[in-house]
Amino acid sequence: MRLFLPTQSKIPENSCKIWRNSGQRNHTSAGLFIGFLACCSASEPVRAEVSGESRGNNCDSSTTGYSHGKKVYTDYSVIGIPGDGRCLFRSVAHGACLRSGKPPPDENLQRQLADELRARVADEFIKRREETEWFIEGDFNTYVAQIRKCHVWGGEPELLMASHALQMPISVYMYDEDACGLISIAEYGQEYGMDNPIKVLYHGFGHYDALHIPGKKGSRSKL
């Protein structure tokens with residue numbers, strides 16, 4: 001697992017309403033990845049797909065390079081995920097389908113897959129208790145019981161367990177305002193391979209979306 005946070009980043013204006021996790025949850029991880037990365041709740045699903053070319057009035061979409069030693073991606077597509085408390089699990093489940101060569105799931109199937117993944121993640125915590133209990137603040141059994149609830153937010157510990165449950169690598173990206181593009185801030189499950197990881201976009205303190213970044217020989221994909 002690798003983790004990196006840009007020193008300069010801006011939450012996109014089109015992200016859903018941000019809820020800080022203080023007071024929203026009775027338990028948090030022990031400071032890993034800024035505590036829990038919360039998935040916000042919204043009254044309507046976020047469906048709009050955002051192209052990398054539309055981000056930032058002062059950005060040259062053809063610019064490529066590095067920021068903070070990380071490659072900057074300006075060619076990407078964001079697949080909007082409903083903010084129903086499942087956004088992390090939905091985003092990962094969506095990416096897992098694409099990585100497996102399956103068609104993108106519709107909202108109902110995405111929800112079903114997200115809930116199934118949540119259950120597998122909770123089971124993975126139990127399976128790996130000796131290696132995970134140390135970074136869980138509070139009672140471990142209570143934490144896992146809460147994670148099983150369908151509207152409880154997930155964060156870094158759940159991403160780590162999801163990579164083990166799926167046996168797939170997962171990469172998390174954020175938008176870097178200075179670089180005018182996306183950079184990778186965290187990687188999980190690299191023991192399962194380095195190529196074509198599941199990609200998710202994290203919007204600061206609020207929300208996860210699914211993400212598509214074309215390969216070297218690919219053009220932009222509109223999923």
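Both phenylalanine 125 and tyrosine 143 are buried, and they make a good way into this predicted model. Before following them further, here is the overall layout.

**The chain as a whole**

The protein chain has five helices and nine strands. Reading from the N terminus, the order of elements is β-β-β-β-β-α-α-α-α-α-β-β-β-β. Of the 223 residues in the protein chain, 51% are buried. Take the contacts with a separation of 6 or more, and residues 24 or more positions apart account for 74% of them.

**Aromatic pairs**

Back to the rings. A pair of aromatic rings is described by the distance of the centres and the angle of the planes. With pairing set at centres within 6.5 Å, the count comes to four aromatic pairs. One of them joins phenylalanine 125 and tyrosine 143: the ring centres are 5.6 Å apart and the planes sit at 80°, so the pair is edge-to-face. Phenylalanine 125 belongs to helix 2 (residues 107–127) and tyrosine 143 to helix 4 (residues 140–147), so the pair ties together parts that are 18 residues apart in sequence. There is also an aromatic pair between tyrosine 202 and tyrosine 208, this one tilted, with 4.9 Å from centre to centre and 35° between the planes. Tyrosine 202 and tyrosine 208 are both buried.

**Two helix pairs**

Phenylalanine 125 and tyrosine 143 turn up again in the packing of their helices. The axes of helix 2 and helix 4 are 9 Å apart and pack at about 170°, which makes helix 2 roughly antiparallel to helix 4. On the helix 2 side the contact is made by Arg118, Ala122, Phe125 and Ile126, and on the helix 4 side by Phe140, Tyr143, Val144 and Ile147. Those contact residues divide into seven nonpolar, no polar and one charged.

Then there's helix 1 (residues 87–99) with helix 5 (residues 156–166), whose axes come within 11 Å and cross at roughly 30°. Helix 1 and helix 5 are therefore roughly parallel to each other. Here Leu88, Phe89, Val92 and Ala96 of helix 1 meet Glu158, Leu159, Ala162 and Leu166 of helix 5. The residues of this contact come out as seven nonpolar, no polar and one charged.

Set out side by side:

| Helix pair | Axis distance and angle | Crossing |
|---|---|---|
| Helix 1 and helix 5 | within 11 Å, roughly 30° | right-handed |
| Helix 2 and helix 4 | 9 Å, about 170° | left-handed |

**Helix 5 and isoleucine 170**

How many residues of helix 5 are buried? The count is 11 of the 11, so helix 5 is largely enclosed by the rest of the structure. Among the buried residues are Glu156, Glu158 and His164, along with Leu159, Met161 and Ala162. Just after helix 5, glutamine 167 takes a positive phi of about 55°.

A little further on comes isoleucine 170, in strand 6 (residues 170–176). Isoleucine 170 is buried, with a relative accessible area of 0%. Its C-alpha lies 7.5 Å from that of leucine 159, and the two are 11 residues apart in sequence. Setting aside neighbours within four places in sequence, isoleucine 170 is in contact with Leu159, Ala162 and Ser163, as well as Val92, Ala186, Glu187, Tyr188, Pro197 and Ile198. Val92, Leu159 and Ala162 are also among the residues where helix 1 and helix 5 meet.

Technical notes: Residues numbered from 1 in each chain as written. Predicted model: local features only at pLDDT ≥ 70, side-chain atom pairs only at ≥ 80, totals over all residues. Heavy atoms only, no water. Axes fitted to C-alpha atoms, helices over the stretch in contact; angles between N-to-C directions. Helix = DSSP H or I, 4+ residues; strand = E, 2+ residues; numbered from the N terminus. Parallel < 35°, antiparallel > 145°, perpendicular 65-115°, else oblique. Left-handed = near helix turned anticlockwise from the far one by under 90°. Contact = heavy atoms within 4.5 Å. Nonpolar A, V, L, I, M, F, W, Y, C, P; charged D, E, K, R; others polar. Phe/Tyr/Trp six-rings, centres within 6.5 Å; stacked < 30°, edge-to-face > 60°. Buried < 20%, exposed > 50% of the residue type's maximum accessible area, 1.4 Å probe, protein only.
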